[in-house]
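Trainee: I am new to this structure and would like a close look at a single part of it, the nonpolar core, together with what lies around it. Could you take me through it slowly, in one connected account?

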Amino acid sequence: MKKIIIAASLIAASMAGLATAQNNPISQVKSTKKILVTYFSVPETSGVDASSGASRIVIDNKLYGNTEYVADVISKETGGDLFRINTQHKYADSNHRELVDYAKKEAETKSYPEIAAEIKNFAEYDVVFVGYPNWWYDMPMVIYTLFNDYDFSGKTIIPFCTHGGSGFSQSVKTIGKLEKDAKVVSMPAIPSKNIEKSTGAIKKWIADQGLNK
Ligand SMILES: Cc1cc2nc3c(=O)[nH]c(=O)nc-3n(C[C@H](O)[C@H](O)[C@H](O)COP(=O)(O)O)c2cc1C
């Protein structure tokens, strides 16, 4: 009889533990995670249409690059800190051809553009969203600089990408190879023609991961 009582109390205790874990609101779990949303984007001012690969979104008279717009949505949705990657080099944002040619040369010569400002307290972040436009079927070289400059080990990296038809190309795999000690979970790539229309899908993806604030 004594044994039955002990067994019954053990089962009750373990079920109570389970119930506590299950009833934990996601926000309590999430609040332990510090999120950074970092991105590179070149909003083009020349007004070339999206089918040619240029980017341009204007909301309330503010010009957004495609990746910048997505980064803004992610940051608002997750409550993560937003960090825009600027380079020492100023990319030609008013001459699409010049930008395209320069980026090609940069990739071919494997030049690593210097990032203009430091990400403060990088070590404190658990989850790092890394956003970029697909450039020449790859990530822009400055994203390689980012992975060279910072230690991502132990973090979850969430690449996000906007593109004119190539999706991520091989860039998610490349990030996995560069950052073997990190977990890489990619968001769906977002076509440049559908940036604003994708807002709902981006928010849903974040909620599905339990990363919304
Ligand atoms: C230099 C350059 C190279 C590009 N190469 C590709 C490419 O290889 N594949 C693709 O799908 N889109 C390509 N695009 C289109 C961009 O990925 C797309 O317009 C992106 O949304 C721009 O993002 P941003 O406004 O944040 O800079 C290229 C655009 C530029 C400027």
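**The core and its surroundings**

Mentor: In this model, which is predicted, the largest nonpolar core has 37 residues, and of these Val 128 and Phe 129 touch the most other members. The elements that give two or more residues to this core are strand 1 (35-39), helix 3 (66-78), strand 5 (127-133), helix 5 (141-149) and strand 6 (156-163). The largest share comes from strand 5, which gives 5 residues.

Phe 129 is a good place to begin looking. Once its neighbours within four places in sequence are set aside, Phe 129 is in contact with Leu 36, Val 37 and Thr 38, and also with Ile 74, Gly 80, Ile 158 and Phe 160.

For the wider setting, the protein has 7 helices and 8 strands, and buried residues make up 29% of its 213 residues. Among contacts between residues at least 6 apart in sequence, 79% join residues that are at least 24 apart.

Helix 5, one of the elements that contribute to the core, has Met 141, Val 142, Ile 143 and Leu 146 as buried residues, and what covers the buried residues of this helix includes helix 4 and strand 5. Helix 4 itself runs over residues 96-108, and its 13 residues reach 18 Å from the first C-alpha to the last, close to the 18 Å expected at 1.5 Å a residue. After helix 4 comes Lys 110, whose phi is positive, near 50 degrees.

Helix 3, another contributor to the core, also meets helix 7 (residues 199-208), and the axes of the two come within 10 Å and cross at roughly 40 degrees. Because of that angle, helix 3 counts as oblique to helix 7. From helix 3 the contact is made by Val 70, Val 73, Ile 74, Glu 77 and Thr 78, and from helix 7 by Thr 199, Ile 202, Lys 203 and Ile 206. Ile 74 is thus listed in this contact as well as among the partners of Phe 129. The crossing of these two helices is right-handed.

Going along the chain from strand 5 to helix 5, one passes through the loop that holds Trp 136. Trp 136 is not a glycine, yet its phi is positive, at about 50 degrees. Most residues other than glycine have a negative phi. Trp 136 has 15 other C-beta atoms within 10 Å, so it counts as partly exposed.

Asp 60 can be set beside it, for Asp 60 also has a positive phi of about 50 degrees although it is not a glycine. Asp 60 lies in the loop between strand 2 and strand 3 (62-64), and it counts as exposed because 4 other C-beta atoms lie within 10 Å.

The last place to visit is Thr 45, in the loop between strand 1 and strand 2 (57-59). Thr 45 has 12 other C-beta atoms within 10 Å and is therefore exposed, since a residue with 12 or fewer is counted in that way. Leaving aside the neighbours within four places in sequence, Thr 45 is in contact with Leu 63, Asp 93 and Ser 94. Thr 45 and Ala 92 are 47 residues apart in sequence, while their C-alpha atoms are 9.5 Å apart in space.

Conventions:
Residues numbered from 1 in each chain as written. Predicted model: local features only at pLDDT ≥ 70, side-chain atom pairs only at ≥ 80, totals over all residues. Core = buried A, V, L, I, M, F, W, Y, C linked by C-beta atoms within 7 Å. Buried ≥ 20, exposed ≤ 12 C-beta atoms within 10 Å, placed from the backbone. Helix = DSSP H or I, 4+ residues; strand = E, 2+ residues; numbered from the N terminus. Contact = placed C-beta atoms within 7 Å. Expected span 1.5 Å × (residues − 1). Axes fitted to C-alpha atoms, helices over the stretch in contact; angles between N-to-C directions. Parallel < 35°, antiparallel > 145°, perpendicular 65-115°, else oblique. Left-handed = near helix turned anticlockwise from the far one by under 90°.
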